[in-house]
Structures are given as structure tokens and as C-alpha cells.
Amino acid sequence: MTVHFIGAGPGAVDLLTLRARDLIAASPVCLYAGTYVRPEMLDLCPEGARTIDTANMTLAEIVDEMAAAHRQGLDVARLASGDLSVFSALAEQMRRLDALGVPYDLCPGVPAYAAAAAALGRELTVPTVAQTVTLTRISALATPMPEGEGLAELGRSGGTLVLHLSVHRIDEVVAQLKGVYGPDCPAAVVGHVSHPHEVVLRGRLDSIPAAVHEAGIRMAAVVIVGPALAAEHFPDSHLYSDARCRS
């Protein structure tokens, strides 16, 4: 028996990896976050599978379900939105499974920020414009940010800043970033990326809050800030240059 932690991608079923699809199809128990995971994804579960929406469950309750499946010798597909490597609450679940001696493995998924960049039709790293992408969030009701990881501090590099779990505080986000990037810095918000009701907003730091409020976006959105979003005049990269290819 194994708990398979699966990055379920940003939402669209066809953005699941092949490995994720196969693991879901082979697991008689599926735990999923109903707030973010599309119901159609559960159609991949085997017939008669026990499906459990963890949206309103505590960590202890979730781990209890995994432990119960372990005692029954049943594999578990534990679906998390996006990719497991960021903002998935994975570490705390693994810590408890380690203590219980329950085996698990990890299956990566398409991260929400990558799907958002695709929806915007933009590369987040552009030669001489931005070569760094920072993934972060704002400190609100969640656990506090570590020292040195405030938005203004992270934004001083001038690279591309991607914020998860922060759109509900868009005014605060912009207030902290305007002094670093400037009010006319390109900004974008992609809500419910890859879902049928996806919303793509483009603008500047000084205009994006009003657009977010007008669209009524309060959750499940990625906020992206940085000059790479509107870069037009930049040199070609060295990757395919004549000098490199002929050397």
C-alpha cells in the first residue's frame, strides 16, 4: 500500500501527467481538495473507489483516512492542485505519515504559475529584462512569512514576481510593490487558470486592483508582476545564436 501524492495541475484534466492519470486509475481511495480539483478528474478513479473531499477536513482527519487505507492495504491517490513543490501543505502530511510508518511517493504536476504564463502567452524570463522568477505569497491569515521574505524585499531584484494565495489582498500586494516596481509596471492576474471559467486580466500595478475587484476574483488566482510581461525590445538569447551553434 502506498499514498501517492499527486500534483493534479491547475485544473484541466488533460493537463494531468500520464503518471498521475495512471496512479489515480489504480487507487481505490482518492482524497482531493474539492475547492480546486475539477469533478471530472474523479472520473479517472476506478469503479467503486472511495472519494473524499478534504476541503473542510482538518489535517488530522486527512491523515486518519490515509492511515485507515494503509491498514486495509489500499493505495491512496492524494490530489493537490498545481505542483506539490509549492504551497501544497505536503511537508506536514509527509511528516505525519513518516511517524506512522505509512509509505508514500510523489508525482509532480503542472504548476499554476506555468499554466498562467501560458494563458498570458508570455515567457517569464526574457533576456536582459528578467532572468529570475520568485514564487511567493502575502502574509495574511496564513502562517507568517519568514524574516526577509516581504514583498518589497523580494521585489528589489526587479525580476518576475509570482504570487499564489494572495489575490484576495490585491490592494495590499500592490501597495507593497508600487514603491519597488513603480505604478506603471506590467501586472496580470489569471483566475481559475485552465478551467472553463478562466479569467485573464492584464494591466499595470496601478490598474490591476480595480480590474480584479470588477471581475470579482477572490481566490484560485495567480498574480504576476514584472517587466517581462510586456517586454518587446530585447536581444535574442545566446541559446540559438550563430556563435554558439557554429562553435
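This note goes through a strand, a helix and a loop residue in a predicted model.

1. Strand β2, which spans residues 29–32, is a good place to begin, since both of its faces are covered. V29 and L31 lie on one side and C30 and Y32 on the other, and all of them are buried. This fits a general pattern: in a regular strand, side chains alternate between the two faces of the sheet.

2. The neighbours of β2 can be followed by its pairing. With strand β3 (residues 50–53), β2 runs parallel and is joined by four bridges, and within this pair V29 stands opposite R50. With strand β4 (residues 76–80), β2 also pairs in the parallel sense, over four bridges, and here L31 stands opposite R78.

3. Helix α4 covers residues 112–120, and its buried residues are A112, A115, A116, A117 and L120. What covers these buried residues includes the strands β8 (186–191), β9 (199–204) and β10 (221–225). Just after the helix comes G121, whose phi is positive, at about 65 degrees.

4. Is R137, a residue with 10% relative accessibility, buried or exposed? R137 counts as buried, because its relative accessibility of 10% falls under the 20% cut-off. R137 is placed in the loop between β6 (133–136) and α5 (151–155), so a student looking for it should search there rather than in a helix or strand.

5. A last point concerns R137 and E149, which are twelve residues apart along the chain and whose C-alpha atoms are separated by 9.4 Å.

How values were computed:
Residues are numbered from 1 along each chain as its sequence is written. This is a predicted model: local features need pLDDT of at least 70, side-chain atom pairs count only at pLDDT 80 or more; totals for chains, interfaces and linings use all residues. Side-chain values use heavy atoms; hydrogens and water are left out. Buried means under 20% relative accessible area, exposed over 50%, partly exposed in between (1.4 Å probe, protein chains only). Helices (H or I, at least four residues) and strands (E, at least two) are DSSP runs, numbered from the N terminus. Contact means heavy atoms within 4.5 Å. Two strands pair if DSSP finds at least two bridges between them.
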